[in-house]
Amino acid sequence: MSRHKVTVVGAGNVGATTAQRIAEAGLADVVLVDIVEGLPQGKGLDLAEAAPVVGHDARVVGTNDYADTAGSDIIVVTSGLARQPGMSRDDLLARNAGIVRSVVEQSARHSPEAILIVVTNPLDAMCHIAIQASGFPRERVLGMAGVLDSARFRTFIAQELGVSVEDTHAFVLGGHGDTMVPLPRYSTVAGVPITELLSPERVQALCDRTANGGAEVVALLKTGSAFYAPAASTFEMVESILLDRKRVLPCAVLLQGEFGIDGLFVGVPVVLGAAGLERVFEIELTADERAAFERSAEAVRELVAKLPA
Ligand SMILES: NC(=O)c1ccc[n+]([C@@H]2O[C@H](COP(=O)([O-])OP(=O)(O)OC[C@H]3O[C@@H](n4cnc5c(N)ncnc54)[C@H](O)[C@@H]3O)[C@@H](O)[C@H]2O)c1
């Protein structure tokens, strides 16, 4: 049986940290790709040289040539620009759309059976580009955002109640943006909904902090954005697929009528296994939750409408 192979496109903060996690777990060989010459090679070599100390046998290489990515089981797309001063959201959308289209076309050509995990922002819109550029079925195009947003919510719940993060579960639906929908009713500590453990005001404060989670880190870092939690979240998706764990994780997927939405990538709980998206896990929403979910989907629809043809 051959080893698994994962390509990570973009050897920046999120990409390199994701590569490190995959390699150090011994989950797969990793190919790190970037447009900058020497960057993926240097980080790949550095990660390979950590292997004897960490004690794993995963091979890590860096390259600028997509031929080296051939036969990958999973392609993680983290390449893109962060928003620069003076750059509008729409400029960023157009620039990253061009980057994601180009890297997905090249990597899909060399790994036609791979599963794509998109990380580049604006996430939901980039998933639309990825599915078009690859021609892959929806089962093999997934966006990472919900795992991260839920992890942030879990962190804040655990800190608020002084309990282990391990016993804390959280649900966040919708697009990856200001309109994301944390669901307190489905967010629990040891199975007890947080709505029974905290006042409505505290629940709302934790939901607001979750929706603002990315911006909170950016404001502290001043240059660059979060990458440890995003890389850990991407790793969780990769692991569930390669080990066919069938974890139920919130991911951006192309909805085809589920949750009353058709033809749009939105974050919903899904079963993730060897085939990629194996099932959308539909849950009942109250009228308020449904309205918030539809507002979030509408924000994604507006972004997608602005994508360059
Ligand atoms: N979905 C999420 O929840 C989430 C979380 C964190 C970050 N992100 C997004 O992930 C992306 C990467 O973030 P980062 O912090 O790693 O940024 P970064 O700037 O550290 O890394 C981006 C890398 O992409 C490379 N790149 C640019 N154009 C390329 C191309 N055409 N081909 C190959 N590589 C190319 C750059 O050289 C750079 O090394 C950003 O779009 C960020 O907004 C998303």
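Me: What volume does the largest cavity have?
Reply: About 60 Å³. The model is a predicted one, in which local features need pLDDT of at least 70 and side-chain atom pairs count only at pLDDT 80 or more, while totals for chains, interfaces and linings use all residues. Residues are numbered from 1 along each chain as its sequence is written, and side-chain values use heavy atoms, with hydrogens and water left out.

Me: How many cavities of 30 Å³ or more turn up in the whole structure?
Reply: The search finds 1. A cavity here is a set of points on a 1 Å grid over the protein atoms alone where a 1.4 Å probe fits but cannot get out; lining residues have an atom within 4 Å of a point.

Me: Ok, which residues lie nearest its centre?
Reply: A145, G146, D149, G174 and G267, out of 14 that line the largest cavity. Two or more lining residues come from each of α5, β8 (172-173) and β12. Helices (H or I, at least four residues) and strands (E, at least two) are DSSP runs numbered from the N terminus.

Me: Which element gives the largest share there?
Reply: β12, with 3 residues of the cavity lining. Sorted by class, that lining has 7 nonpolar, 5 polar and 2 charged residues. Nonpolar means Ala, Val, Leu, Ile, Met, Phe, Trp, Tyr, Cys and Pro; Asp, Glu, Lys and Arg are charged and the others, Gly among them, polar.

Me: Switching to pockets. What's the volume of the second largest?
Reply: The second largest pocket comes to about 470 Å³. A pocket is an open set of points with protein on both sides within 12 Å along at least five of seven lines. It has 18 lining residues, and S150, R154, E236, R247 and L249 are the closest to its centre.

Me: Which elements give it two or more residues?
Reply: α5 (146-161), α8 (228-242) and β12 (247-256) do. Helix α5 provides the largest share of this pocket's lining, 5 residues. The class split for the second largest pocket is 11 nonpolar, 4 polar and 3 charged.

Me: And the ligand, which residues come nearest?
Reply: N13, V14, D34, V119 and M144, from 25 residues around the ligand. A residue is near if one of its heavy atoms lies within 4 Å.

Me: Where do backbone atoms of N13 and V14 sit relative to ligand oxygen?
Reply: For N13, a backbone N or O atom is 2.9 Å from an oxygen atom of the ligand. For V14, the distance from a backbone N or O atom to a ligand oxygen is 2.8 Å. I35 has a polar backbone atom 3.4 Å from a nitrogen atom of the ligand. Polar contacts are pairs of N or O atoms within 3.5 Å.

Me: Which elements give two or more residues to that shell?
Reply: α1 (13-24) and α3 (89-110). Helix α3 contributes the largest share, 3 residues. Shell residues divide into 14 nonpolar, 10 polar and 1 charged.

Me: Backbone geometry now. Where is the cis peptide bond?
Reply: Between N121 and P122, with omega about -10°. P122 is in the loop between β5 (115-118) and α4 (123-134).

Me: Which residue has a positive phi without being a glycine?
Reply: K246, at about 60°. K246 sits in the loop between α8 and β12. Most residues other than glycine have a negative phi, and most peptide bonds are trans.

Technical notes:
Points joined across faces, edges and corners; volume = space filled by probe spheres on them. Polar contact = N/O pair within 3.5 Å; in protein donor to acceptor, adjacent residues only side chain to side chain.
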